[in-house]
Amino acid sequence: MTRAPQISAKLAGFGTTVFAEMSALAQRTGAINLGQGFPDTDGPAEVADAAIAAIRDGKNQYPPLPGIPELRAAVADHQARFWGQTLDPDTEVLITAGATEALSASLIGLCDTGDQVVAFEPTYDSYAAGIAMAGATLRPVVLRPDTDGIFRFDESDLRAAIRPSTRLLLLNTPHNPTGKVFDADELALIAELCVANDVIAVVDEVYEHLVFDGAHRQLASMPGMAERTITISSAGKTFSFTGWKVGWACGPAELLTPVRTAKQFMTFVNAGPFQHAVAVGLRLGDDFYEGYTATHLAKRDLLGSYLERAGFGLHAAQGTYFSTVDIEPVVARHDGLPADGVDFCLALPETAGVVAVPTQVFHDDPRHGTNIIRFCFAKQDETLIAAGERLVEAFA
């Protein structure tokens with residue numbers, strides 16, 4: 001008798017991601033997909049051309065485990081140029097299969113069974129799964145919208161979350177899905193607690209060039225944090241080539257060594273010719289980076305105007321390419337609309353011809369954030385206008 005296959009206990013409860021489910025729903029219904037976070041246009045032509053050239057030049061075999069030297073040098077130069085971070089490209093930069101692998105390898109390489117990881121919720125869905133695969137336990141600190149629409153955490157919640165078993169603090173800034181940018185005072189508190197409790201920080205900064213309000217600051221720049229922080233980013237968001245899956249982890253060599261050990265048994269290496277192209281992208285001029293931010297700021301405001309006209313409670317999107325809204329004002333004005341975010345998003349394609357993502361699925365306790373949903377505005381203006389008009393027609 002053959003034992004029936006079943007998912008391991010570590011991953012029990014982790015099914016198909018909400019992004020796959022909502023994208024499939026968009027295809028099935030013909031709705032405009034503002035759910036999954038990917039752009040609907042390609043990035044800079046010179047970066048694409050560099051990838052084509054690398055393929056034609058035969059750079060298609062395994063690259064070195066840490067990544068090609070040209071890309072590691074470009075990452076180090078980028079970190080110094082924009083954030084003042086000094087790195088040795090040979091020992092303090094590791095190229096990964098997107099930021100997701102960098103995160104998973106950090107968790108698996110640094111955590112033991114029974115360790116605790118503190119993270120701010122709602123969290124990107126791979127965080128909880130990566131923590132589970134590492135045999136660690138998630139200790140969430142919930143972000144809640146303030147009266148000004150900015151998501152904030154309670155200091156007492158963070159202090160209570162850090163315990164003797166806390167090995168690692170996982171931070172995402174700018175934050176997906178809320179659009180929050182952690183400010184200097186918040187980062188100073190986080191740094192203080194990490195140093196006092198000997199906690200390693202892993203910081204996901206994939207939206208580092210999408211800050212609209214305030215400024216992006218690195219946790220690694222805070223006193224005592226350079227030696228205990230791994231900083232992660234990727235090319236997917238900045239250059240709009242999400243399918244290439246080229247990311248990186250930066251930090252002191254002694255922290256990157258266990259990350260590299262885990263990575264070598266995950267993908268080993270990846271994206272050989274694309275690594276050459278991303279090196280070109282990271283060296284683009286300031287005009288590209290400034291234009292990238294300005295373009296997405298305009299898209300944020302464009303979609304936001306329609307969301308407000310439709311009657312949603314619009315939260316502040318300080319960064320990323322996501323807008324979150326409170327569905328309660330819309331539900332209160334229309335009989336029969338679901339008050340639960342998951343049910344609302346499942347009904348939205350039929351109701352308004354648009355797909356969004358419920359943020360409650362990014363909480364350990366699904367009772368949090370039941371009234372908040374997320375829209376992606378990294379789309380062509382025509383797409384945003386069409387989606388916005390559908391929402392206004394359905395709910396205004």
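Begin by selecting T100, L103 and L107 in helix α4 together with S126, Y127, G130 and I131 in helix α5, because these are the residues through which the two helices meet, contact being taken as heavy atoms within 4.5 Å. Sorted by type, the residues of this contact of α4 with α5 comprise four nonpolar, three polar and no charged. Keep in mind throughout the tour that the model on the screen is predicted.

Now widen the selection to the whole of α4, residues 98–110, and the whole of α5, residues 125–133, whose axes lie 9 Å apart and pack at an angle of about 30°. Since angles under 35 degrees count as roughly parallel, α4 is roughly parallel to α5. If you turn the view to look through one helix at the other, the crossing of α4 past α5 is a right-handed one.

**A lysine in α9**

Next, select K263, which belongs to helix α9, residues 253–264. Is K263 buried or exposed? With a relative accessible area of 0%, K263 is buried, and a look at its surroundings shows what lies against it. Leaving out residues up to four places away in sequence, K263 touches L65, L94, I95, T96, A97, E101, A105, F268, V269 and N270.

**Strand β9 and its partners**

Move on to β9, residues 229–234, where six of the six residues are buried, so that this strand is largely enclosed by the rest of the structure. In a regular strand, side chains alternate between the two faces of the sheet. Colouring β9 by face puts T229, T231 and S233 on one side and I230, I232 and S234 on the other, and all of these residues are buried, so both faces are covered.

Two strands pair with β9, and they do so in opposite senses: β8 pairs with β9 in the parallel sense over four bridges, whereas β10, residues 247–250, pairs with β9 in the antiparallel sense, also over four bridges. A convenient residue to centre on is T231, which stands opposite V203 of β8 and has C250 of β10 as a bridge partner.

From here, select V206, which lies in the loop between β8 (200–204) and β9 (229–234). V206 is buried, with a relative accessible area of 7%. Apart from neighbours within four places in sequence, V206 is in contact with A99, I232, S233, S234, K237 and T238, and I232, S233 and S234 among them are residues of β9. For a longer view, draw a C-alpha to C-alpha distance from V206 to A76: these residues are 130 apart in sequence and 15 Å apart in space.

**The four-stranded sheet**

Now display β11, β12, β15 and β14, which form an open sheet of four strands in the order β11-β12-β15-β14, with antiparallel pairing. β11 (313–314) and β14 (357–358) are the edge strands, and each has a single partner strand, so one side of each is left without a neighbour in the sheet.

Walk across the sheet from β11, which is joined by two bridges to the antiparallel strand β12, residues 322–326; here G313 has D326 of β12 as its bridge partner. The next pairing, β12 with β15, is antiparallel over five bridges, and F322 stands opposite C376 in β15. Finally, two bridges join β14 to β15, again with the strands running antiparallel, and V357 has R374 of β15 as its bridge partner.

Stay on β15, residues 372–376, which is mostly covered, with five of its five residues buried. I372, R374 and C376 point one way from β15, while I373 and F375 point the other way, and all are buried.

**The last stop: α13 and α14**

Finish by selecting helix α13, residues 341–352, and helix α14, residues 381–395, whose axes come within 10 Å and cross at roughly 95°. That angle makes α13 roughly perpendicular to α14. Which residues meet between α13 and α14? F344, L348, T351 and A352 in α13 meet R390, L391, A394 and F395 in α14. The residues of this contact divide into six nonpolar, one polar and one charged.

Technical notes:
Residues are numbered from 1 along each chain as its sequence is written. This is a predicted model: local features need pLDDT of at least 70, side-chain atom pairs count only at pLDDT 80 or more; totals for chains, interfaces and linings use all residues. Side-chain values use heavy atoms; hydrogens and water are left out. Two strands pair if DSSP finds at least two bridges between them. Axes are lines fitted to C-alpha atoms, for helices over the stretch in contact, and angles run from 0 to 180 degrees between N-to-C directions. Angles under 35 degrees count as roughly parallel, over 145 as roughly antiparallel, 65 to 115 as roughly perpendicular and the rest as oblique. A crossing is left-handed if the near helix is turned anticlockwise from the far one by less than a right angle, and right-handed if clockwise. Ala, Val, Leu, Ile, Met, Phe, Trp, Tyr, Cys and Pro count as nonpolar, Asp, Glu, Lys and Arg as charged, and the others, Gly among them, as polar. Buried means under 20% relative accessible area, exposed over 50%, partly exposed in between (1.4 Å probe, protein chains only).
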